[in-house]
Protein chains: 2
Amino acid sequence: MNRAPSPTSTVLDDLFGALADPTRRALFTRLLHDGPQTATVLAADRALSRQAVVKHLQALAASGLASSERVGREVRYVATPERLTAVVAWLVESSGQWDRRIERLLGRVGAMPEAQIDAPHQQRGTVGPE
Amino acid sequence: MNRAPSPTSTVLDDLFGALADPTRRALFTRLLHDGPQTATVLAADRALSRQAVVKHLQALAASGLASSERVGREVRYVATPERLTAVVAWLVESSGQWDRRIERLLGRVGAMPEAQIDAPHQQRGTVGPE
DNA sequence: TTCACCTGCAACCAATCAGTTGCAGGTGAC
DNA sequence: GTCACCTGCAACTGATTGGTTGCAGGTGAA
């Protein structure tokens, strides 16, 4: 599973593209906080067809923000937020030396207490770099 | 100038959407590093029509990442990266307590001197997590 | 074995998007 | 005033996107 990113689009295209849709962001954060879910379950409490949700999840997977594993007859999707580092890297890199505000904001994250940082769920191996 | 964001899309939709296109990202960083430019000039060294560039710049402006000012018969576009704080805010907020890697990356930036936060950036309402 | 349930694939539709071209209207310089 | 140059608007096209529905196929449980 987990479609390979299309050769004509870059990692950042896929990432920003995936995050540009509110439904997709919602699915991503839902997976991030509630752990693995099937598309069927995710579609249940949303006014969306299962197929629509599947397509969104595949878009997330194509960008590396989600991954799927088969468990019996179900397919569970998991958020894989590591890839967001590419977004952060772009922010840092492209901004170079602009005004300080963003660094202050980022500083807050850097200063986060470690107690809160533990991975919310097991981050299984399918994630590998391409 | 600077179209208002459409009422049906949120700030984040517009931001991520604007950044999802490689041409738009290139234009943005170009403006960021080289300073104000006209669409005509920007289109010159790109294999793109002026109108196409104008549309991209308008998309950037709609998301708040660029602004334009009229100077005589020219219109100069300027990058306004402050709005990127909304992206950072989303990263911070939605991620909450994920994996360490990103914090290391962010930590590098956050380690800068004089990091104290004022108001996290005035967000015109609609930004929250959805 | 049978049946219920979940997934995957395909076709299709409407809307949006990226891009083009053509033309009209301002503005500055000579 | 004239002319060159830049911008703005509109129409149009092709591709992509977000969404739907229908149906076939695999899997687990009774």
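This short talk describes a helix pair in chain A and then the protein surface around DNA strand C. Please bear in mind throughout that the model is predicted.

I begin with the helix pair. Helix α2 of chain A covers residues 22–34, and helix α4 of chain A covers residues 50–63. Their axes come within 10 Å and cross at roughly 75°. Angles of 65 to 115 degrees count as roughly perpendicular, and α2(A) and α4(A) are therefore roughly perpendicular to each other. On the α2(A) side, the residues in contact are T23(A), R24(A), L27(A), F28(A) and L31(A). They meet V53(A), H56(A), L57(A), A59(A) and L60(A) of α4(A). Sorted by class, this contact contains seven nonpolar residues, two polar residues and one charged residue.

I turn now to the DNA. Strand C is surrounded by 17 residues, and the closest are T40(A) and R50(A) from chain A, with S49(B), K55(B) and H56(B) from chain B. By class, the residues of this surface comprise seven polar, six charged and four nonpolar. Helix α4 of chain A and helix α4 of chain B, residues 50–63, each supply at least two of them. The largest share, four residues, comes from α4(B).

Which parts of DNA strand C lie within 4 Å of the protein? Of those atoms, 54% belong to sugar or phosphate, and the rest belong to bases.

Three individual contacts complete the picture. A polar side-chain atom of S49(B) is 2.4 Å from a phosphate oxygen of strand C. For R24(B), a side-chain N or O atom lies 3.1 Å from a phosphate oxygen of the strand. In the case of R73(A), the partner is a base oxygen, 3.4 Å from a side-chain N or O atom.

How values were computed
Residues numbered from 1 in each chain as written. Chains lettered and ligands numbered in written order. Predicted model: local features only at pLDDT ≥ 70, side-chain atom pairs only at ≥ 80, totals over all residues. Heavy atoms only, no water. Axes fitted to C-alpha atoms, helices over the stretch in contact; angles between N-to-C directions. Helix = DSSP H or I, 4+ residues; strand = E, 2+ residues; numbered from the N terminus. Parallel < 35°, antiparallel > 145°, perpendicular 65-115°, else oblique. Contact = heavy atoms within 4.5 Å. Nonpolar A, V, L, I, M, F, W, Y, C, P; charged D, E, K, R; others polar. Near = heavy atom within 4 Å. Polar contact = N/O pair within 3.5 Å; in protein donor to acceptor, adjacent residues only side chain to side chain.
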